[in-house]
Amino acid sequence: MPAASNTINTELRRIRLVLLIMLGLLVLLGGVLFSLQVSREQEFEDSLHRQSLRRVRLPALRGRILDRNQVALADNQPCYCLAFYLEDIRKPGKSTNTVVEIRRRMTELTALMGRKPLISEADIMTHIKRRLPLPLVAWRSLDPAALARLAEARVDMTGVDVYVEPNRAYPKNGLASHLIGYVGKADLDDAALAGYQYYLPEMEGKMGLELKFDTALKGEAGGRMVRIDASGYKHAEQMEKDPRPGATVVLALDSRIQALAESAISDVPGAVVVLDPRNGDVLALASSPAFNPSQFVPIVPKALYEQLNADPEKPLLNKAVAEVYPPGSIFKPVTALAALNGGAVSAGMVVDCPGYYMIGNRPMKCWNPNGHGRVDLRRAIEQSCNVYFATIAVKCGNEAVSDMAAQFGLGERSGIELDREARGLVPTAAWKQKAWNDQWRIGDTCNLSIGQGALCVTPLQMAVMAATLANGGTVYRPRLVLGLQDWQGQALTNYPVRAARQIAFKPGVMEAVRQGMHDVVMAPTGTGGRARIPGVEMAGKTGTAEYGEKEDRKKHGWMIVFAPYDKPRYAVAMVVDDAVSGGLTVGPRLQALMLGIFGEGGTEAGG
Amino acid sequence: MKEFMHHLGLLRRMNWVMLAAIIGLIVIGVFFIYSATVMRDDSTKDLYTKQIKWAVVGLACYLGTAMLDYRRLRDLSWAGYFMSVILLVAVLFFGTQIYGARRWLMFLGVGIQPSELAKLAMIILGACLLSPAAEKFDARAPFWKLFLLTGVPMLLVMKEPDLGSSLVFVPLVMAMLFAAGAPAKPLVRLMAGGGLAVMMVLAAVALPEKLGMTPEHQDKFFRAIHLSDYQRDRIEVFLHPGKDPMKTGWNMRQSEIAVGSGGLTGKGFLKGSQNILGFLPRTVAPTDFIFSVIAEEMGFAGALVVLLLYGTVVVCGMVAAMVARDKMGRVLCVGIVTMIFTHAFVNIGMTIGVLPVVGIPLPLVSYGGTFMVITLFALGLIQSVYVRRPGL
């Protein structure tokens with residue numbers, strides 16, 4: 001049957017063809033595999049390594065904040081933590097086996113440490129799922145006793161180790177808390193985390209200088225490459241980029257004076273600022289009541305924060321820069337300088353004070369209802385005679401007074417590196433028209449002359465004023481920060497002394513005012529006599545400014561001083577809420593402060 | 001008793017090389033299913049023991065079918081065909097939905113894929129139709145009949161939707177027709193037509209965007225040509241692998257990295273980071289992407305062993321076709337070999353990125369009970385043809 005065998009032959013030929021095609025296709029697959037796996041292996045190897053490497057963001061050591069004598073106000077202290085290194089603890093098989101092992105170790109260690117771990121079983125699971133190559137911290141803030149027990153313990157310590165974390169600390173127990181502020185857990189944004197799979201908790205400034213200088217203080221985060229093994233545990237690690245520690249912020253502050261200033265007003269709400277009149281350095285800046293920033297780290301307790309926020313005495317507010325007060329009589333030197341400098345009044349001019357000053361047909365009372373009698377400038381400052389200052393202010397005009405106030409830096413922000421600095425207000429006719437839609441009256445001039453009315457100032461502005469009176473007319477910008485240093489102590493930036501302006505006075509004018517201020521403290525009858533200390537000649541001015549509702553009048557007590565009189569090194573402004581008067585309430589507190597600064601007998605103590 | 005001894009005697013004529021290759025593939029599969037699931041904590045962790053059980057069931061089937069005379073299937077071919085069609089209809093209504101497709105029928109707690117059954121039923125029916133007992137046989141007549149008969153299960157499988165499995169019918173029937181001596185011209189035409197259709201589908205996905213059609217118009221167009229979103233996505237990913245490597249392209253890209261980083265000798269058993277770390281999706285690593293696990297951990301050498309084992313199965317199968325005592329045996333073997341080859345080729349092709357991702361398992365190696373048993377049943381038929389070859 002040739003036909004049949006022919007058909008069969010065709011079929012066999014075709015089957016052979018199909019087989020050849022299949023084998024050809026298999027060879028083709030083999031060729032593709034060869035090119036993928038052998039020729040291009042490196043390329044895929046690289047992709048693979050990128051996939052099995054994890055980058056961990058490492059926060060830099062936060063910079064310190066030092067005072068002018070290198071005393072640390074904000075520092076880092078080691079916090080000893082006990083951590084599990086899972087790659088050494090893991091058990092084969094299901095991850096629950098590893099959890100069981102960790103729990104067993106934890107129970108063992110709990111007995112040893114005598115306190116419960118910070119983490120629950122759920123935390124362990126989360127850690128295994130999300131942060132497997134990182135150490136799992138189980139105890140934090142170990143004390144030396146616990147560390148010693150751990151060192152002597154006879155338990156299995158493989159995979160358990162002490163891990164040191166820097167903790168923010170405020171070693172001077174809350175000194176200058178309003179200036180320094182505090183830190184809290186950072187909310188890292190996507191830009192900061194780009195390229196990292198894991199990150200460690202970081203701190204960021206939440207208030208004060210910690211916030212203002214956050215960028216400099218926090219330094220530059222680094223990174224560590226962690227190669228994970230086939231199961232996702234850490235296999236090896238390698239530093240990729242060392243974190244660059246944050247810069248040290250060096251303040252002009254003198255922590256000794258700061259402590260004195262804080263204790264001078266620790267029992268009353270108020271504020272103190274101590275400046276160096278030779279350069280504007282802020283030697284102390286205190287606000288009362290204060291808070292202790294150590295309680296805010298690492299997390300601000302919610303109840304505490306709410307309590308502080310609701311407190312009518314505003315402990316979170318830095319009153320030295322963020323609160324405004326009417327200055328009252330401590331403003332009078334400015335009125336005097338305005339009148340004398342304009343030439344309308346001479347220092348020898350005598351005014352008769354009957355105990356009141358007539359504005360039209362309405363009398364404005366002097367604080368002494370019996371009157372001061374005939375007073376010249378020196379006596380008027382010493383006695384703080386309202387009638388005298390109203391008289392000279394009316395003579396020279398309110399514009400001259402407000403101009404002089406503006407020259408002293410009132411009504412403008414000093415630019416100090418602190419949050420929420422208030423501007424204050426120096427009222428003018430234009431301001432009154434705009435704000436109250438009313439014209440300026442003689443009464444407004446009289447109020448302005450004695451530091452009342454709409455005039456309001458910050459304690460810092462008053463300290464700048466005192467410093468300007470002390471140095472004879474240079475208005476320095478208050479300098480809180482001297483400079484930044486890198487972590488090895490190399491200077492990075494220096495903040496120079498900056499004068500806002502030099503006020504030009506006619507000869508003798510400043511001297512006349514300073515003599516009056518000298519008598520305020522040094523004369524037997526001076527209103528500021530209670531601030532006097534032995535061995536140091538000081539000058540100053542007291543003030544009492546009324547505030548609050550008519551039925552419930554309260555008084556702010558003020559006092560400014562500078563000392564020593566002939567070569568002033570300190571200019572101070574202090575304000576106390578709810579005072580009897582500047583001289584009675586603030587005088588003794590200022591005395592305590594100055595005694596502390598100069599020491600008994602006027603020999604300056606300390607550095 | 002006598003009959004049983006006769007069957008045992010037949011078994012001694014079995015192609016032992018092919019059986020060895022089959023067992024080799026199964027063993028490799030079990031090992032790498034273990035590797036692909038070792039990191040799991042859930043119930044799927046003991047997939048490899050299930051696979052061993054299925055392999056034992058399958059091998060028993062294999063020996064049973066080898067003893068069975070394949071010519072007896074002639075009486076059962078139509079019944080098998082209609083059964084599979086009924087199951088395919090049933091799966092559309094009662095099937096368990098997994099990842100948006102109804103491909104599984106739950107039967108006494110065992111999931112079966114009717115599409116796998118349908119392929120085998122089609123091969124058996126095809127072999128019968130193409131080799132009638134009649135002496136005078138016009139090869140043209142069953143040609144169109146076979147096409148129509150194939151069309152029904154194909155469309156039903158496509159409806160599940162399972163485009164990949166449905167397309168497997170095409171090479172299968174073509175190869176059987178070709179081997180059965182069908183006239184070459186219409187076959188070539190048909191092949192050209194099929195190729196054109198595939199090109200058109202690819203073009204339909206790629207072109208509208210190139211032509212600047214708005215997305216709404218594109219959607220309308222795709223609905224008009226009955227291409228579902230997932231099919232369109234897969235084709236698009238195949239055409240532009242870099243387009244969205246995180247979504248649809250993820251499997252393909254990760255599989256390529258796994259295979260590529262395996263190198264010459266691989267990273268070692270249980271050491272493939274792509275597999276163990278879960279870059280290869282855990283849901284598909286033991287099934288459709290088992291080959292990438294092998295290629296990563298055993299390298300080119302391991303991949304080559306797998307290819308050689310398939311080559312051995314294919315050659316043995318075709319040898320059985322060539323020595324078969326009748327035409328039915330020939331066509332049956334060609335159909336079965338083509339089915340297994342197509343699965344292996346498409347599966348490996350997709351794991352190494354030369355073919356689009358379609359859900360087709362690797363025969364004997366991928367995890368899957370039904371498919372294991374059906375594959376071994378089919379391979380048993382090849383042995384059945386082989387042991388009944390003429391001569392000694």
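Helices here are DSSP runs of H or I, at least four residues long, numbered from the N terminus. With that in hand, here are some exercises on this predicted model.

**Exercise 1. Find what follows helix α22 of chain A, and decide how covered the helix is.**

Step 1: go to residues 582-598 of chain A, which make up α22. Step 2: look just past the end of α22(A), where A:Gly599 takes a positive phi of about 80°. Step 3: count neighbours. A residue is buried if 20 or more other C-beta atoms lie within 10 Å of its own, and 13 of the 17 residues in α22(A) are buried, so the helix is mostly covered. For background, buried residues make up 44% of the 607 residues in chain A.

**Exercise 2. Work out the strand order of the open sheet in chain A that holds β23 and β24, then say which helices lie against it.**

Step 1: trace the five strands, and you get β13-β12-β24-β23-β22, with antiparallel pairing. Step 2: pick out the edges. β13 (281-288) and β22 (539-547) of chain A each pair on one side only. Step 3: check the twist, which averages 10° from one strand to the next. Step 4: zoom in on β23(A) and β24(A), an antiparallel pair joined by seven bridges. Within this part of the sheet, A:Gly557 stands opposite A:Val576 in β24(A). Step 5: add the helices. α21 of chain A (residues 509-522) packs on the sheet and touches β22 and β23, its direction making about 80° with that of β22(A). α22(A), back from Exercise 1, lies across β22, β23 and β24 of chain A and runs at about 35° to β23(A).

**Exercise 3. Is A:Asp566 buried or exposed?**

Step 1: place the residue. A:Asp566 sits in the loop between β23 (554-563) and β24 (570-576) of chain A. Step 2: apply the cut-off. A residue with 12 or fewer other C-beta atoms within 10 Å is exposed; A:Asp566 has 9, so the residue is exposed. Step 3: look for a partner farther along the chain. A:Met538 is 28 residues away in sequence, and the two C-alpha atoms are separated by 8.6 Å.

**Exercise 4. Describe two helix pairs, α16 with α19 in chain A and α5 with α14 in chain B.**

Step 1: start with α16(A) (residues 386-396) and α19(A) (residues 442-449). Their angle is about 125° and their axes are 8 Å apart, which makes the pair oblique. The crossing is right-handed. Step 2: list the contact residues. A:Phe389, A:Ala390, A:Ala393 and A:Val394 from α16(A) meet residues of α19(A), including A:Ile442 and A:Leu448. By class, that contact has seven nonpolar, two polar and no charged residues.

Step 3: turn to α5(B) (residues 114-130) and α14(B) (residues 327-351), which pack at about 155° with axes 8 Å apart. Angles over 145 degrees count as roughly antiparallel, so α5(B) is roughly antiparallel to α14(B). This crossing is right-handed too. Step 4: sort the residues of this contact, and you find ten nonpolar, two polar and one charged.

**Exercise 5. Which helix of chain A gives the most to the side that touches chain B?**

Step 1: count both sides, with 35 residues of chain A in contact with 40 of chain B. Step 2: α1 (2-39), α2 (41-52) and α4 (95-113) of chain A each supply at least two residues. Step 3: α1(A) comes out on top, with 20 residues. Step 4: by class, chain A's side divides into 17 nonpolar, eleven polar and seven charged residues.

Methods: Residues are numbered from 1 along each chain as its sequence is written. Chains are lettered from A and ligands numbered from 1 in the order in which they are written. This is a predicted model: local features need pLDDT of at least 70, side-chain atom pairs count only at pLDDT 80 or more; totals for chains, interfaces and linings use all residues. Two residues are in contact if their C-beta atoms, placed from the backbone, lie within 7 Å. Ala, Val, Leu, Ile, Met, Phe, Trp, Tyr, Cys and Pro count as nonpolar, Asp, Glu, Lys and Arg as charged, and the others, Gly among them, as polar. Axes are lines fitted to C-alpha atoms, for helices over the stretch in contact, and angles run from 0 to 180 degrees between N-to-C directions. Angles under 35 degrees count as roughly parallel, over 145 as roughly antiparallel, 65 to 115 as roughly perpendicular and the rest as oblique. A crossing is left-handed if the near helix is turned anticlockwise from the far one by less than a right angle, and right-handed if clockwise. Two strands pair if DSSP finds at least two bridges between them.
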